[in-house]
Amino acid sequence: MMNYAVQADGLTVARGPRTVLRHLRFTVPRGQITGLLGPSGCGKSTLMRSIVGTQAKVTGTLNVLGHPAGHPTLRSRIGYVTQAPSVYDDLTVRQNLEYFAAILAPGRPAADRRHEADRVLADVDLTSHADALAGNLSGGQRGRVSLAVALLGTPELLVLDEPTVGLDPVLRRDLWTLFHDIAATRGATLLVSSHVMDEAERCHRLLLMREGEILADDTPDALRTRTGTDTVEAAFLRLVDEAAAAHRTQQTTRAQETTR
């Protein structure tokens, strides 16, 4: 169990009459970047909320860093970035960071909070915008402030919900370089969601999702080999077709059994 940051078995989430996640079973290895990929609406954000402990009506087994998801001791060990920027628009970028640093470590000297803010500002390439009001930043810049907040302290697990949406190719490349540096030098685990399949090639391991289910839990190389394809996108499409064919076969079998 200690080799995994996240372990799920039978994970199910329902919203009213609709089942959003169906009996998921997967692992997220420690110290690696796991990509959570799939089309919009497939359940990626719901799964991430379940892992960080903010999703209601979760059943099954879901352990995070050795504890049940949502356990109080996990609050300072997980960094979480939602799709919507989580910053105060009437504060400057630095004020946002120092405020959240104070919440993360109450009683920490102001000088230490400033030093921590400088560090994460450099990580996300926003040093030149430190004194700008968050509300005056572009959407992509505000998203990077949220990422900087998640990097405060030394989180063991970073859960990033589509952190590169709206970013230009150069900044997207630089963020992925940062993600790999965090995993390699700090030993942190990253779970990064995206619906852009070319980002799958940047991950150590992949969880491919569709319609609330896990289609695959493997490395990019293994997925390409397994499906006989050249790209992860082609592998994903092959798996979708296989799943659709299996579903049609099951429906046909049930129909035949009903008429007997």
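Reader: Which residues in α2 meet which residues in α4?

Author: Contact means heavy atoms within 4.5 Å, and helices (H or I, at least four residues) and strands (E, at least two) are DSSP runs numbered from the N terminus. Here V93, L97 and F100 in α2 meet V145, A148 and V149 in α4. This contact has six nonpolar, no polar and no charged residues; Ala, Val, Leu, Ile, Met, Phe, Trp, Tyr, Cys and Pro count as nonpolar, Asp, Glu, Lys and Arg as charged, and the others, Gly among them, as polar.

This is a predicted model, where local features need pLDDT of at least 70 and side-chain atom pairs 80 or more, while totals for chains, interfaces and linings use all residues. Residues are numbered from 1 along each chain, and side-chain values use heavy atoms, without hydrogens or water.

Reader: At what angle do α2 and α4 pack?

Author: Axes are lines fitted to C-alpha atoms over the stretch in contact, and angles run from 0 to 180 degrees between N-to-C directions. α2 and α4 pack at about 25°, with axes 9 Å apart. That makes α2 roughly parallel to α4, as angles under 35 degrees count as roughly parallel.

Reader: How much space lies in the largest pocket?

Author: Rolling a probe the size of a water molecule over the atoms shows where empty space is left. The largest pocket (an open set of points on a 1 Å grid where a 1.4 Å probe fits, with protein on both sides within 12 Å along at least five of seven lines) holds about 630 Å³, the space filled by probe spheres set on the points. Of its 23 lining residues (an atom within 4 Å of a point), R75, I78, G79, Y80 and L104 are closest to the centre. β6 gives the most to this lining, four residues.

Notes: Parallel < 35°, antiparallel > 145°, perpendicular 65-115°, else oblique.
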